[in-house]
Structures are given as C-alpha cells and as structure tokens.
Amino acid sequence: MFESIDWGIVFALLGAALASIMAGVGSAIGVGKAGEAAAGVVTEDPSKFSKVLIMQLLPGTQGIYGLLIAFITLSQIGILGGSAEISFAKGLLYLAACLPIAIVGLLSAISQGKAAVSGIMMIAKKPDQMSKGMIFAAMVETYAILALLVSILAIFGIAGLNI
Amino acid sequence: MKVPMSRITIYGGKKDRKAVLEFLQRQQCVDICEPDAENEDLGFSNMNTSDFQSEFMREKTVGEKALAALDRYAPEEKGLLSSFAGRRALSAEEYYSYVDDIPEMMNIAERLCEAEEEIGEKRGRIVRRRSELDELSPWMKLDVSLSETGTKNSSCIIGMFPEELTEAQLTERYYSADAAPPVYIEIVNTLPRQTCVFALCSRTDAAACEGRLRELGFSRMKTSYDGVPSERAEQIKQEIAALEREISALEREIISYKGARSSLKFMVDYYAMRTEKYGVLSKLSQRNRVFVITGFVPSAEAAPLTAALEHKYNAAVEIEDAGEDAPVLLKNRYLTEPVEGIVKTFAMPSRGEIDPTSIMAFFYYILFGMMLSDAAYGLIMFLGCFIALKKFKNMEPDMKKSLRMFMYCGISTMFWGVMFGSYFGDIVPTVSRTFFNHEVTIPPLWFEPVKDPMKMLMFSFVIGIIHLFTGLGVKLYQCVKAKDWVAAFGDCIFWYMLIGGGILYLFRVDMFLSMAGLSSKLPAVWGTVAAVIAGIGALGILLFTAPKNKMGKRLAKGAYSLYGVTSWLSDILSYSRLLALGLATGVIATVFNKMGSMFGSGIVGAVIFAVVFLIGHTLNLGINALGAYVHTNRLQFVEFFGKFFEGGGKEFHPFAAHTKYYKFKEEI
C-alpha cells in the first residue's frame, strides 16, 4: 500500500514541521525562563518592566527563524497552493535543509534564554548596563543565524536542482 | 569628536562660596575633582559634609516615600506618552514659593509616611483577627465559655479529636476500657478530620476521665481568651469593621493631600540638589577665608566662565592644560549626534583614541536599514519618531537623541525597503490579487533578496568588508597620529594587504565565482598580483608584529598574530546576519499577509484581513526592529570596535542639578 504514497512530499513536510517545532520549542523554553526571571525583577521594581521585557524577547527569535524556514519550505514544495509533486530525493533534501535551524534553533534558544536570565539579573542591579546584557545574549544568537543561513541557502538551492 | 578640556582652578573668598557654587551648579560645565594632596601641606583642609549629606538624603527619602504613598492611593493621571514629556522648567518665582513651602511639605510628607505605616500595621491586625475567627468557627454552637472548667461538683473538658466521630462511636470507644469513669459527651461540631467535643464528668473523676479521653487521641482546646465563642466572634467582627473604617479614613487622608504632589516633588528635587552641592563642598580645599576648587571645563567654555567668575564673584581663575586624566565629553552634530548614546554604552574613548561616533553613525543607519528593510515599516518608524519629537519639545536630551536615531534609522529602512521592493512584505500584490482580482506589483529598485539570496549574501559581505576596513583605517589613523610606525604597518597596512589580496584572489577561484553568480573571471595576471600582495602582507605580519623581540619569539608572536586571520573570516561571515534578518522581516510579513488573505474577498474576508494585518505587522515590526537594533549594536561593538576601539576614558560628569521632576534654569 505504501507504494502509492508520494514519499517526497512527506519528508519535505516533515522537514518544515521539524524546523518550526524544534526552533519553536527552544524559543518557548528560553523565553519562558527569561520570563520567570523578568517577573522576579518586576516584583521588586515595576519601572524596569520595559527593559526586562526586551531581554525576555531575545531568545524568541529562533522560533521566528524556524517559522521562516518552514514557510519558505511550504511555499517551495507547493503545499500552500500549486502542484505538490516532489521526488523522493528532493523530499529528503528538504528535510536535510531544515535540520540546521531545527537543531541549532532548539539548543541555541535554550542557551540564549540562560544568557538572557543573567542579563535580566544584571538589569536588576545595574539598569544602565542593559545594552551590554543584550549583546551577551545576542552573541549566542549568531549561531542560530548561521544555521538559518545554511537552511535558507540550501532550500533555495534545492529548488533549482533537477532530481 | 572629543571636546578639548582645560583644567580650571578657582580661588575665592569664603563669603562668596555659596554664590560661586550655585553659579557653577547652574552653568553645568565643570567636572569638579578631588583636591590636590599638596593643598593639605599648605594648611588647606576639606570640610566634612557627610552629616549634612546624610540628613538631606534622609529628607529626600521621606519625600520619595510620601510620593510613593500618594501614588498608591491617588495615582497621578498620566497620558500614555507622558514619558516623552520631560521635566518642567521652573521660574525663579515658582522656585522661591516652593522653597517657602518646604517646612510644611516636610510635615505633610512625614504625616503621609506615618499614615502609610499605620495602614500597614492595621492591615496586619486584621489578618491576625481573621485567623482567630477561623480558629473559633467550629465552636460557634458551644454556649459556654471556652475556658469553662465546671462547677463545684462537675468538671468540664473542652477539646477535639483529630478524626471525624459520632457521639455513639465516641461513647462506645470510651467505655471499651474497664476503668473509664462515667462521662457525658456532647459533640459540638464535626469537620473532616476534626471533632469538637464538650465532655462533662464528676469533679472527682476529672483526671481519670481526661486521661481516658487522651488515650483516644483527645487534646484540650487552648485559648487565650475567655467567653462564649459566638459572642467573641461577634466582638472580633466588630473590631475588624472598626479597623477597616480606620484604614479607609487614613486612605482618605492620604488622598486629601494629593494637591501637595507637585510641592512634594519639588522637595525631593531640592534635597537631591542640596545633597549634590554638599558632596561638592566636601571636595573644596579651604583655609581661614579662602577656598579652592579644581576641576575640568570644556576649553570653549573656559573664557566666558572665567569672565563671569572674576567679575561677578571676585574669584581668581587659573586655566591650564587638561593633562592626561581629563574626563571625556563627546560632541557631534546633526546626523551623527544621536548615536553618541550607543558609543557611551560601550565605553568612552580613552586618551589617544578618537571619538568613533561620526564614523559609526553612517554605518549604523545603513546596517539597521538593511536588517529591517521594509519601506512601510521605515515610514512608520520615521513618522512615529518625527511626530513625538515635534509634539514634545521639552523632551530630555537623551530621549531626544534616541528618538532622532530611530528616526534616521527609519529613513534608512525606507530606502532599503524601496531598493528591495518590500512594502509590508508583499502587501500590494496580496491585496490587489485578493480583493481586486488583478495583481499589481511594485518592482524593487534593485533586486529582491528572496529571489536571489546569494546576491544579497555577497552584498552583505561587501558591506562587512567595507565596515571592517574602515575600522582598520581608524586604527591606522590613530597609529600614525601617535607616530607608532611599527603598529601602523604590523597591525594595519600588512593586514590590508593580506585580506585585500586574499579577496582579490577569490575572483580567480571558480567555485567562488559560481557561488557569487559572476561570469567574468579576472585575467591570470591579477591572480598573481593578488597572491603577491597577500604574501607580502602575511610575511609582514609574521615579521613586524613584535619586531623588538628576539628572532624566535618575534616569529612566534608574528605567527600567532597571523592566526588572527581566522577571526577576520568569522568577522566577515558575521555580516551574513544582514541577509538573515532582512529576509526574516520580509518573509514573516508575507506569512501574515497570506494568513489574512485566506478568507477571501468578501466583507468578512476584508475585516479578518484588517485584524490580521494590524496584529501581525505590529508584532513583526516590534520584533524585527528589536532584532535590528540588537544586531546592529553587535556588529558595531564586536566586529567594528574590535578593530580599533578599546575605550576606558572617564565620562565628563559636570556639577549640576541632577533632578527628577523639575529643571532649574534661571538664576536662583
């Protein structure tokens, strides 16, 4: 019965799903941790709300990168309209292309969440040093961006392949 | 640009001390430093003002607490945008009338703090009364006092069992032992896991009876009060009601002082100012009838300040060269001034370093714009900042600078949005296709990054290389200015040759050409030239990084420095975030547009589209503007500043009135 299934599209969709799931889960964990710390700081000093909110948002970008890759994949493979005919090899390629942002997104968002928590602690004591705390957290994000880049380039590259 | 500084020494008579200090505090242009140690040998001494300072601090704290109490019960009505409004300037007249109010305000502030404390204390008492009430609640049906012990011949025992029991069960268990004396047991109340019991027995049997009850798990009710529980409960309820009435009276009293808010604010500012003034007073060298102030002043303001001090206040002023430990004040103009704040959050330039603000500003706007790169978002940012700047003329300078920075970033974002053809992502084709059945597109002025990401990646790297080379250029300038020729060659020129030659050589490499989508290959002679340049660079770095060391160490240090080429590679790759963040904005905007347009072209479709559009794009703009800000800062701090800027200068911090609520400009 499996012979009638077009496995290409299945794997391609699996890739898109993984990109948004794993990066999203990572961001959710990171933002959640940062949120706990932020709430602690705001109980002491409500006027720091806007500062800690910005710090809390920082680990959220990986989820967006995951969404971005998922969306580009969905539109490339024709799920969002158009023909959805993908060869088996291409489907696997899409899956592979989605993996960098899925895995790096998951782990870097969690690590960035930890850096953001420390940054929030720093804001509690020295609010004027906020931009440095932001930079520390942004350092982690570099690797998510590099992974995103590889995913993007790979997905656009696959579209042009003739297999 | 760093403002040139001069060292100023002011000598004056003690009778003019107050006037001189107040004059300096108003002028806000002198950074007063600790006195010279040699003054002490000349018989000068410092005044110890810490007692005064702590007294002023205390008064300021009372005022702040009073304001906090007022804010809790009578919150100030503030507009949503009130944080832009800035401090109000006070006229001399207002100032003096407020000063006259201060003794009265001090009383009010103390009364407010007292009332606040009383409320807290009364709330605590209510809580304690409530828990007492909870304790009593199972005993409501008992119609004797809880501490009742019995009559002449009878003894009563009041207490509870830690389980749910009926009268029959209890009686049966009680008499199951042989020696149990006769007893009358009445159940007052049963709760899950608790049975409240009233037991009566003959006075002679009291001890034996209680002993038997204890064997069954009984414990006596311990109370600190006398009386029938229901009566006591009524009494407690009345006490709580009375306390609540007292609290609301106190709250009303606090609210009745809300007219004093502005005077209280003034009081806080007044004591902040006095604390600052007395802090400076302790830095003055004084002897008999004279005092000496030393500090730093921007050279341009030295002359007018000297004139004013000499004519108005009979002081003698000495202006000298600032020397090496002068504090740093940045001054820039027009487009470059707004990013001063970004430099300050990194570090102030130290001696021998130039102020990087003006060079950085140019790149700051470009990088920010490329990361956000949407014409509509840029327009929103520009208009938002522009309107806020126009509307709130009295805005604080730092806030003004930030808003101006984002305004210029908005313009740059618009520019790149038009270049890359992004207006709310793809709103124009989406709307025209969904609602008008006729697709209209606005073609990009240059190219669409989504369609040609490789081109965008290459462009990002080009921007990155220009940015990094500019940073290296600043380093070269600083080396030349300091006449440090070894560093100029070893750290700058040879690097230019190595990296520049290496990049040129790439244009001979087929793999790179196909990746970059270039068809024309440079002639072979170019490759040779590039390789030779890069080779000379590498050799230079190897030999001239540490030329003063012995040969072995010199080469080792050179080789280590040469290893730094990997950091150049990662620095350049870091600019790929320009592509990633730029794409993120556009693609997420597209996602929202698509979501909105899924519901067709009817009225319902249009309404849903509008809602999705508003929420989605607000979210996208917020998150991506934050991302652009953070990552532009990162590129400036890590990649750009890493090439030449260390910082470590001390910020110029003039003696002024650092107040929270009011500004004092006039002569007062």
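These are my notebook entries on confidence, one pocket and two residues in a predicted model.

**Entry 1: confidence**

I began with the scores for the whole prediction, which stand at ipTM 0.76 and pTM 0.79. For chain B I then noted a mean pLDDT of 85, with 99% of its residues at 70 or more. Looking along chain B by element, I found confidence lowest in helix 2 (residues 38-41), where the mean is 68, and highest in helix 12 (residues 375-391), where it is 94.

**Entry 2: the second largest pocket**

I looked up the second largest pocket next, and its volume comes to about 910 Å³. Its lining consists of 40 residues, and those nearest the centre are Asp426(B), Glu448(B), Val450(B), Lys451(B) and Thr590(B). Sorting the lining by class, I have 20 nonpolar, 14 polar and six charged residues.

Which helices each supply at least two residues of this lining? I recorded helix 3 (61-77) of chain A, together with helix 14 (427-436) and helix 21 (577-596) of chain B. Helix 21 of chain B gives the largest share of the lining, with nine residues.

**Entry 3: His617(B)**

I turned to His617(B), which I located in helix 22 (residues 603-644) of chain B. Is this residue buried or exposed? I class His617(B) as buried because its relative accessible area is 5%, and the cut-off for that class is under 20%.

For its side chain I noted a polar contact with the side chain of Tyr377(B), at 2.6 Å. Leaving aside residues up to four places away in sequence, I listed Tyr377(B), Phe424(B), Ala589(B), Asn593(B) and Val612(B) as the residues that His617(B) touches.

**Entry 4: Leu146(B)**

My last lookup was Leu146(B), which sits in the loop between helix 4 (92-136) and strand 5 (154-161) of chain B. Why do I count Leu146(B) as buried? The reason is its relative accessibility of 5%, set against the cut-off of under 20%.

I also checked what surrounds this leucine, again without residues up to four places away in sequence, and Leu146(B) touches Leu136(B), Trp139(B), Ile158(B), Met221(B), Thr223(B), Tyr225(B), Gly227(B) and Pro229(B). Finally, I took the C-alpha separation between Leu146(B) and Ile157(B), which lie 11 residues apart along the chain, and entered it as 9.4 Å.

Note on methods: Residues are numbered from 1 along each chain as its sequence is written. Chains are lettered from A and ligands numbered from 1 in the order in which they are written. This is a predicted model: local features need pLDDT of at least 70, side-chain atom pairs count only at pLDDT 80 or more; totals for chains, interfaces and linings use all residues. Side-chain values use heavy atoms; hydrogens and water are left out. pLDDT is the predictor's confidence in each residue, from 0 to 100. Helices (H or I, at least four residues) and strands (E, at least two) are DSSP runs, numbered from the N terminus. On a 1 Å grid over the protein atoms alone, a cavity is a set of points where a 1.4 Å probe fits but cannot get out, and a pocket is an open set with protein on both sides within 12 Å along at least five of seven lines; lining residues have an atom within 4 Å of a point. Grid points are joined across faces, edges and corners, and a volume is the space filled by probe spheres set on the points. Ala, Val, Leu, Ile, Met, Phe, Trp, Tyr, Cys and Pro count as nonpolar, Asp, Glu, Lys and Arg as charged, and the others, Gly among them, as polar. Buried means under 20% relative accessible area, exposed over 50%, partly exposed in between (1.4 Å probe, protein chains only). A polar contact is a pair of N or O atoms within 3.5 Å; within protein, one must be able to donate a hydrogen and the other to accept it, and residues adjacent in sequence count only if both atoms are side-chain atoms. Contact means heavy atoms within 4.5 Å.
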